[in-house]
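Good morning, and thank you for making time on the agenda. I would like to go through the empty spaces, the ring pairs and one helix of the structure now coming up on the screen.

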Amino acid sequence: MEQRHLGRTGLRVSRIGLGTLTWGRDTDEHDAADLLKTFWEAGGTLVDTADVYGDGEAEYLLGRLMEGLIPRRDLVISTKAGSVPDPDRRFDGSRGHLLSALDASLARLGTDYVDVWHIHAFDPYTPLEETLQTLDLAVSSGRVRYAGVSNFCGWQLAKAGTWQLAAPGTRTRLASTQLEYSLLQRGVEREVLPAALDLGIGMLPSSPLGRGVLTGKYRNATPADSRGASEHLAPFVAPYLDDTASRIVDAVQTAADGLAVSPLQVALAWVRDRPGVTAPVIGARNAQQLTAALSVEALSLPDEICRALDDVSAPVHRYPDHDWSTL
């Protein structure tokens with residue numbers, strides 16, 4: 001698998017990442033082992049998790065597999081901290097919480113460092129400089145190699161990235177940002193992607209297949225074994241089962257038919273090769289699904305197909321996101 005630099009850093013990662021959102025809950029140890037082995041054998045290196053996935057079980061499971069299945073040195077482990085089970089707050093970016101969460105993640109993962117550590121979301125109740133200083137402390141201690149953020153909107157990412165660059169050699173530049181990005185969700189193109197490109201921050205899109213909808217599996221009905229039929233994930237899929245999404249899915253199917261590939265490959269290749277994207281993170285349910293996704297490595301979409309998909313999925317961007325002089 002082709003490797004790409006993560007933002008403007010020296011870290012190289014596979015251009016497809018493996019997500020672990022369902023590990024330890026819907027994905028058991030046997031299936032997780034098959035997924036990780038399939039990913040590794042295909043040349044994949046970037047594995048993304050978080051301290052709250054499966055209430056910590058995803059990290060624990062990944063740690064067990066690194067111990068007995070895949071060498072730690074062969075993987076780039078990305079994890080996140082900051083989400084808390086408090087409906088009144090939801091996110092805690094304080095120094096105390098984040099450093100405690102990092103120690104707990106390292107213990108579950110069974111490693112003394114993580115390659116990339118992300119702040120899971122912006123915390124409006126903690127000064128941003130305190131949150132960012134925690135990244136600096138984690139890197140200087142050796143427990144974290146590279147730092148990033150997740151679910152930051154445009155102004156939040158621009159502020160954080162600029163703050164870190166304001167004191168070179170003292171503060172750790174942001175290597176990456178994670179947000180949802182697909183043909184069904186192009187909101188990051190308004191301000192987040194321009195900020196990331198300007199600041200040299202790599203984009204790691206989550207849900208690059210539109211929460212599974214872009215594979216075409218929901219065109220006629222909801223399969224009984226799909227996430228759309230899952231008690232935990234049905235509400236996650238539901239927003240993309242509307243008429244707008246249906247038109248985009250039909251266009252992806254048309255493109256796939258013309259190229260003699262699958263809709264999954266078309267949708268994944270589109271987001272993988274967008275400007276500013278380093279590696280989409282995919283969450284396959286089993287090794288068969290993952291193998292189908294990894295087959296995208298050999299596919300590059302023709303320019304005319306990209307333009308057609310751009311047109312059919314184009315979000316409405318008005319003032320001030322686009323050139324106001326044309327309005």
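I begin with an enclosed space: the second largest cavity is lined by G19, T20, L21, T22, W23, R227, G283 and A284. Its volume is about 30 Å³. By class, three of these lining residues are nonpolar, four are polar and one is charged. Here Ala, Val, Leu, Ile, Met, Phe, Trp, Tyr, Cys and Pro count as nonpolar, Asp, Glu, Lys and Arg as charged, and the others, Gly among them, as polar.

Some words on the basis of these values. This is a predicted model, in which local features need pLDDT of at least 70 and side-chain atom pairs count only at pLDDT 80 or more, while totals for chains, interfaces and linings use all residues. Residues are numbered from 1 along each chain as its sequence is written, and side-chain values use heavy atoms, with hydrogens and water left out.

As for the method, rolling a probe the size of a water molecule over the atoms shows where empty space is left. On a 1 Å grid over the protein atoms alone, a cavity is a set of points where a 1.4 Å probe fits but cannot get out; a pocket is an open set with protein on both sides within 12 Å along at least five of seven lines; and lining residues have an atom within 4 Å of a point. Grid points are joined across faces, edges and corners, and a volume is the space filled by probe spheres set on the points.

How many cavities of 30 Å³ or more does a search of the whole structure find? The search finds two. The largest cavity has a volume of about 40 Å³, and its lining consists of G93, I119, A121, F122, D123, T126, L128, T131 and F152. Five of those residues are nonpolar, three polar and one charged.

I turn to the pockets. The largest pocket has a volume of about 910 Å³. It is lined by 39 residues, of which L21, S207, R227, F236 and G283 are the closest to its centre. L21, R227 and G283 also appear in the lining of the second largest cavity. Strands β8 (174–180), β9 and β10, together with helix α10, each supply at least two residues of the largest pocket's lining; helices (H or I, at least four residues) and strands (E, at least two) are DSSP runs, numbered from the N terminus. The lining comprises 17 nonpolar, 14 polar and eight charged residues.

The second largest pocket holds about 330 Å³ of space. Among its lining residues are D55, R90, H97, H120 and N151. Its lining divides into five nonpolar, four polar and two charged residues.

Next, the aromatic rings. Rings of Phe, Tyr and Trp (its six-membered ring) pair if their centres lie within 6.5 Å; planes under 30 degrees apart count as stacked, over 60 as edge-to-face and the rest as tilted. By this rule there are three aromatic pairs. The rings of F122 and F152 have centres 5.5 Å apart and planes at 80°, so this pair is edge-to-face. F122 lies in the loop between β6 (114–119) and α4 (128–140), and F152 in the loop between β7 (144–150) and α5 (154–165), so the pair ties together parts that are 30 residues apart in sequence.

Are these residues buried or exposed? F122, at 18% relative accessibility, counts as buried, and so does F152, at 1%; buried means under 20% relative accessible area, exposed over 50%, and partly exposed in between (1.4 Å probe, protein chains only).

F122 also forms an edge-to-face pair with W155, at 5.5 Å centre to centre and 70° between the planes. Because W155 lies in helix α5 and F122 in the loop between β6 and α4, this pair ties together parts 33 residues apart in sequence. W155 is partly exposed, with a relative accessible area of 49%. Ring pairs thus link F122, F152 and W155 into a cluster.

Finally, helix α9 covers residues 263–272 and includes P263. Ten of the ten residues of α9 are buried. What covers them includes β1 (3–5), β9 (202–206), α8 (243–259) and α11 (303–313). P263 itself has 12% relative accessibility. Its C-alpha atom is separated by 5.2 Å from that of T215, 48 residues apart along the chain.

How values were computed: Contact means heavy atoms within 4.5 Å.
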